[in-house]
Amino acid sequence: MCLDSQLQELQLIQHSLLPGESFSFALPPEDSRIWSSLLHSFNTATTLSSLPSPVPQVKFQVKTTDARIFFEVQFPERYPEDSDVDTAQVPFISVNGEGISRDEHHRWRTFVQEKSAEVQGDDFPIYQLLCMHLLPKLHEDGHSVDTAGTTDIIEQQSTNRLLETADYHALLTSHHLVSPTKRRSLQRWSSELSISGFSKVGYPGVIYAQGSQENIQEFVANVKSMQWLALRVRFVEPIDLANDEHHQGWTEFQKVGEVVEEMKRRGRDKYITEMGIGSSALQ
């Protein structure tokens with residue numbers, strides 16, 4: 001149970017990272033291989049032929065491109081089951097980096113402790129801590145390069161593509177997609193707006209849709225109007241559907257690996273793998 005919960009949280013962290021953010025194991029090579037295999041089997045619903053006993057404790061790092069500071073996390077063996085009653089089972093989070101002053105390190109340690117207290121009791125506290133607090137704070141503080149110029153270029157490219165096509169597609173992710181009401185709404189909107197695509201239910205939630213610009217924008221607005229935990233609109237952009245043979249109907253998937261295979265079938269797997277979604281399923 002602890003292993004499944006840890007794998008689920010690691011998967012959620014991996015698939016919630018934005019471009020310029022990265023996840024890597026901070027373990028000896030053999031232990032890294034074990035955990036990479038575990039994550040791969042968890043993502044693709046395959047069974048490992050053998051599993052070491054006990055499984056080594058996992059330690060990983062989360063970084064941002066061109067940032068001086070990064071975070072290292074270690075899950076104790078019985079996390080998260082016993083973390084509420086045994087302080088030895090609480091994950092250890094360290095703040096690392098080159099050229100960090102003592103005051104800066106103290107400020108970050110204080111921030112980590114404050115936010116750790118806030119997420120205590122959540123289903124996935126380390127995910128919440130990293131993706132909802134630490135990484136956004138890192139970007140806000142200006143430790144990463146300014147991406148305004150890059151954003152302007154991307155927006156201009158999107159505008160140029162808009163002149164060439166009226167078809168759009170969109171990718172959204174969330175902490176989870178479980179609610180029957182949300183799932184029925186996605187089905188209904190896809191039918192009403194002549195949109196094709198799919199959703200991945202469970203943890204994390206993934207939504208991909210393609211159709212006319214107007215309908216896709218309305219669909220995304222409808223999704224955003226609902227109550228979500230950690231909803232992220234990864235992109236809404238033009239796409240050429242002239243020769244697309246896979247733009248009928250709405251499908252539900254259970255595993256991230258199924259999402260990867262579907263996007264491969266559509267010839268659009270780069271749109272998700274470039275953002276880290278399902279990257280471990282490709283290894």
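## Close-up views of a predicted model

**View 1. Helix H3 leads the lining of the second largest pocket.** With 6 residues, H3 gives the most to this lining. The model shown here and in every later view is predicted. The second largest pocket holds about 430 Å³ of space. Its lining counts 21 residues, and those closest to the pocket centre are Val-90, Pro-91, Ser-116, Gln-120 and Pro-125. Three elements each give two or more residues to the lining: strand E4 (92–97), helix H3 (102–119) and helix H4 (125–140). By class, the lining of this pocket has 12 nonpolar, 5 polar and 4 charged residues.

**View 2. One cavity and its lining.** The structure has 1 cavity of 30 Å³ or more. About 60 Å³ of space lies in this largest cavity. From the early part of the chain, its lining includes His-15 and Ser-16. Tyr-127 lines the cavity too, as do Thr-173, Ser-174 and His-175. Pro-204, Val-206, Ala-230, Arg-232 and Arg-234 are also in the lining. Helix H1 (2–16), E5 and strand E8 (232–238) are the elements that give two or more residues to the lining of the largest cavity. The residues of this lining divide into 4 nonpolar, 5 polar and 2 charged.

**View 3. Strand E7 is largely enclosed.** Strand E7 covers residues 205–212. Of its 8 residues, 7 are buried, so the rest of the structure largely encloses E7. Strand E5 (residues 167–174) pairs with E7 over 8 bridges, in the antiparallel sense. Across this pairing, Ser-212 in E7 stands opposite Asp-167. Strand E6 (residues 196–200) is also joined to E7, by 5 bridges, and these two strands run antiparallel. Here Ser-196 has Gln-210 in E7 as its bridge partner. In general, strands of a sheet pair through backbone hydrogen bonds.

**View 4. The hairpin of E6 and E7.** E6 and E7 form a hairpin, with 4 residues between the two strands. Which residue in the turn has a positive phi? Gly-202 does, at about 95°. Val-206, which lines the largest cavity, falls within the range of E7, residues 205–212.

**View 5. An open sheet of 4 strands.** The strand order is E1-E2-E3-E4, and the pairing is antiparallel. Strand E1 (21–25) and E4 stand at the edges. Each edge strand has a single partner strand, so one side of E1 and one side of E4 are left without a neighbour in the sheet. From one strand to the next, the twist averages 20°. Strand E2 (residues 59–64) pairs with strand E3 (residues 69–74) over 4 bridges, in the antiparallel sense. Glu-72 in E3 stands opposite Gln-61. E4 has a part in the first view as well, as one of the elements that give two or more residues to the lining of the second largest pocket.

**View 6. Two buried cysteines.** Is Cys-2 buried or exposed? Cys-2 is buried, because its relative accessible area is 14% and the cut-off for buried is under 20%. Cys-131 is buried as well, with a relative accessible area of 2%. A disulfide is a covalent bond between the sulfur atoms of two cysteines. How many disulfides does a search of the whole structure find? The search finds 0.

Terms used. Residues numbered from 1 in each chain as written. Predicted model: local features only at pLDDT ≥ 70, side-chain atom pairs only at ≥ 80, totals over all residues. Heavy atoms only, no water. 1 Å grid on protein atoms, 1.4 Å probe; cavity = no way out; pocket = protein on both sides within 12 Å on 5 of 7 lines; lining within 4 Å. Points joined across faces, edges and corners; volume = space filled by probe spheres on them. Nonpolar A, V, L, I, M, F, W, Y, C, P; charged D, E, K, R; others polar. Disulfide = S-S within 2.5 Å. Buried < 20%, exposed > 50% of the residue type's maximum accessible area, 1.4 Å probe, protein only. Pairing = 2+ DSSP bridges. Axes fitted to C-alpha atoms, helices over the stretch in contact; angles between N-to-C directions.
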